[in-house]
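Work through the following exercises with the sequence and the coordinates side by side. Each task is followed by a solution that goes step by step.

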Amino acid sequence: MKMDYKIFYSMNPKLKKEIEEIYPQIFESFNSEKFFKKFDYHSEFLLLIAYDDGKAVGFKFGYGQDPDLFYSWTGGVLRGARRQGIAQRLMEMQHTWCKERGYKRIETRTRNKFPEMIALNVKFKFHIVGTITETDGTAKIILRKEI
C-alpha cells in the first residue's frame, strides 16, 4: 500500500469521475449537480484526495466563505480504508493550507449519525457552536475552530 495525498484547486474531467465514483460509496446519496456547482460559486476552494496505489480512497473539500472563514464542506474515506489515519491526514493538510492563506476560522457541519466525524473534529479542537435545521428537516451540528 502506497498512500499519496494530492491537492487540487480546479476541477477537471478525471477528478470529476473520481469524485463521482467515491462519493456514493461513502455517503448514501450523491447530488452531483449540487456538488460540482460549488466549484462555480467559490473562487478559492481546496480539494484534497487520498490515493492508495493510485486509486482514490478518500477526499476532503472546502472553500473560503469570507477572508477569515474557511468552510470545510464535505469529505470522507471509503469503508475499507478507514482507521488508517487518512481522514486525520486530510484534515491536517486542510488546516495547514488554511493557515498559510490567512484564514482565522474553520467551520464544518455534520449530522449526529456520523459519530466518527464528530470525534475527529473534537480531536482537532473544534467546538460545537450551534445547530441548524435544513429545509428537509435534517438537524446538523455546527462546529468551529479558531486557527
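The exercises below go from the whole chain to its core and then to single residues.

The model is predicted, and local features need pLDDT of at least 70, side-chain atom pairs count only at pLDDT 80 or more, while totals for chains, interfaces and linings use all residues. Residues are numbered from 1 along each chain as its sequence is written, and side-chain values use heavy atoms, with hydrogens and water left out.

**Exercise 1.** Determine which order of helices and strands the chain follows, and how its radius of gyration relates to the globule rule.

*Solution.* Begin with the elements, which are DSSP runs numbered from the N terminus (helices: H or I, at least four residues; strands: E, at least two). The chain holds 4 helices and 7 strands, and along the sequence they appear as β-α-α-β-β-β-α-β-α-β-β. The radius of gyration is 15 Å, close to the 15 Å that the globule rule gives for 147 residues, so the chain is as compact as a globular protein of that length; here the radius is taken over C-alpha atoms, and the rule is 2.2 Å times the number of residues to the power 0.38. Finally, taken along the principal axes, the C-alpha atoms fill a box of roughly 40 × 30 × 30 Å.

**Exercise 2.** Identify which residues touch the most other members of the largest nonpolar core, and which element gives the most to this core.

*Solution.* A nonpolar core is a set of buried Ala, Val, Leu, Ile, Met, Phe, Trp, Tyr and Cys residues joined through side-chain atoms within 4.5 Å, where buried means under 20% relative accessible area (1.4 Å probe, protein chains only). The largest such core has 42 residues, and I19, F35, L47, I49, F59 and F61 touch the most other members. Among the elements that each supply at least two residues are α1, α2 (32-41) and β3 (55-64), while β2 gives the most, with 7 residues. Leaving out residues up to four places away in sequence, the contacts of I19 (heavy atoms within 4.5 Å) include F35, L47, I49 and F59.

**Exercise 3.** Decide whether E18 and L69 are buried or exposed, and find what each touches beyond four places in sequence.

*Solution.* E18 lies in helix α1 (residues 13-26) and counts as buried because its relative accessibility is 12%. With residues up to four places away in sequence set aside, E18 touches I49 and Y51. L69 belongs to strand β4 (residues 69-77), and its 9% relative accessibility is why L69 also counts as buried. Under that sequence exclusion, the contacts of L69 are Y63, G64, Y103, R105, I106 and E107.

Terms used: Buried means under 20% relative accessible area, exposed over 50%, partly exposed in between (1.4 Å probe, protein chains only).
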